[in-house]
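Dear colleague,

I am passing on the structure we spoke about, together with some notes on what came out of going through it. Please have it open beside you as you read.

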Amino acid sequence: GLAAPAFWERESSGLAHLADRVVYPCLIKPAVIHQVKNFMAGRKVFIAKNAEEFRRVAATAAGCGGGWLVQEIIPGPESNITVFGGYIAKDGGVRQAFTGRKLRQYPPGFGSASLVRSEKLEETRKLSEGFLSAAGFRVVASVEFKYDERDGKLKIIEINPRPALWFALSHHAGKRIALAAFNDLSGGAAVPEREQDDGVLWRYL
C-alpha cells in the first residue's frame, strides 16, 4: 500500500528490451552487486537519461549475466529524502522510533548520507511503522522515502534490516535503537522512551 517509484526487473540478456518502456531518467543497478563489482568499478548505479543511454548500459551489462533492477528517479533535491530508524520488538511493538531528513549524500544523488538532521516527521514514521508491522519485521530497521513534488506523495526508496550509517544521529538525538534491540533479545529491561531532540546534525566527513 505504499507509493513507490516505477520499477522493473530483468535478466541481463533482456535488459535492452525495456528501453522503450521505462520512465526517464532512471537508474540501473545489479540485483546482487558483489557478483559484478569489477564491472561496476566503484559505482553503485548507472544513470540513463534517455533510451539511447539505456541501450548503451544494457549492451555492456549483457556480458555480465545475472539480474538487473531499473527504477524511475524521483526528481527533486536530496532534502526531500526522509528517514526512519527504530527497532521492532519480539512483541511487534516499535521501540525508539526516530525520524530525520537527509540534506546531502556522497556521491551526490545516489550515495550514502553525508549530512542528516533529526526532525519529527509524522508521515514518515507512520508509513514506516505500518509497513514494518504488516510485513512482520522483528528487527532493527532503517527506512528511506523521497517526497515526489509531482504528485505530493512520499515514495519508499528502500528498507534495510540493519542499522544505517547515520544511526549515530539517532543516538545523539536521544534514541537508543541498538540498546533496545539488545535488551529485548537478551531479556534485559526495556529502554525508556523519550522524545527525540530535533535539529541535531550528523556529518560524514
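Phe98, Trp166 and Phe167 are joined into a cluster through pairs of their rings, and I should say at once that the model in which they are found is a predicted one. The aromatic pairs come to four in total. Among them is the pair of Tyr24 and Phe54, which is edge-to-face, with 6.3 Å from centre to centre and 80° between the planes. This pair connects distant parts of the chain, since Tyr24 belongs to the loop between strand S1 (7-11) and S2, while Phe54 lies in helix H2, and the two are 30 residues apart. Tyr24 has a relative accessible area of 25% and is therefore partly exposed, whereas Phe54, at 0%, is buried. Another pair is formed by Trp202 and Tyr204, which counts as stacked because the ring centres are 6.1 Å apart and the planes are at 5°. In that pair Trp202 is buried, with a relative accessible area of 13%, and Tyr204 is partly exposed, with 49%.

Phe54 leads on to the nonpolar cores. The largest of these has 18 residues, and the members that touch the most others are Leu15, Ile28, Phe54 and Val70. At least two residues of this core come from each of strand S2 (26-30), strand S3 (46-48), helix H2 (51-61) and strand S4 (67-72), and it is H2 that gives the most, with five residues. If neighbours within four places in sequence are left aside, Phe54 is in contact with Leu15, Ala16, Leu18, Ala19, Val22, Tyr24, Cys26, Ile28, Ala48 and Val70, so that its ring partner Tyr24 appears in this list as well. There is also a second, separate core, made up of 17 residues, including Phe98, Val140, Ala164 and Val191. In soluble globular proteins, nonpolar side chains tend to be buried together.

Next come the pockets. The largest pocket has a volume of about 900 Å³, and of the 37 residues that line it, Lys44, Phe110, Gly111, Glu144 and Glu158 are the closest to its centre. Two or more lining residues are given by each of S2, S4, strand S5 (81-88), strand S6 (94-106), strand S7 (112-118), strand S8 (140-148) and strand S9 (153-160), and the largest share, four residues, is that of S8. By character, the lining of the largest pocket consists of 20 nonpolar, eight polar and nine charged residues.

The second largest pocket has a volume of about 210 Å³, and its lining is made up of Ala97, Phe98, Thr99, Lys120, Leu121, Glu122, Arg125, Lys175, Glu193, Arg194, Glu195 and Gln196. S6 and helix H3 (122-134) are the elements that supply two or more of these residues, with S6 giving the most, three residues. The lining of the second largest pocket divides into three nonpolar, two polar and seven charged residues. Phe98 therefore turns up in this lining, in the second core and in the aromatic cluster.Two single positions may also deserve your attention. Gln71 is placed in strand S4, and at 15% relative accessibility it counts as buried. Not counting residues up to four places away in sequence, Gln71 touches Pro5, Ala6, Phe7, Cys26, Leu27 and Ile157. Gly100, for its part, is found in strand S6 and is buried, with a relative accessible area of 0%. With the same exclusion of residues up to four places away, Gly100 touches Ile81, Thr82, Val83, Arg117, Ser118, Glu119 and Leu121.

Finally, helix H5 (residues 177-186) has Ile177, Ala180, Ala181 and Asn183 as buried residues. The buried residues of H5 pack against S5, S6, S8 and helix H4 (167-172). After H5 comes Gly187, with a positive phi near 85°.

With best regards

Technical notes
Residues numbered from 1 in each chain as written. Predicted model: local features only at pLDDT ≥ 70, side-chain atom pairs only at ≥ 80, totals over all residues. Heavy atoms only, no water. Core = buried A, V, L, I, M, F, W, Y, C linked by side-chain atoms within 4.5 Å. Buried < 20%, exposed > 50% of the residue type's maximum accessible area, 1.4 Å probe, protein only. Contact = heavy atoms within 4.5 Å. Phe/Tyr/Trp six-rings, centres within 6.5 Å; stacked < 30°, edge-to-face > 60°. 1 Å grid on protein atoms, 1.4 Å probe; cavity = no way out; pocket = protein on both sides within 12 Å on 5 of 7 lines; lining within 4 Å. Points joined across faces, edges and corners; volume = space filled by probe spheres on them. Nonpolar A, V, L, I, M, F, W, Y, C, P; charged D, E, K, R; others polar.
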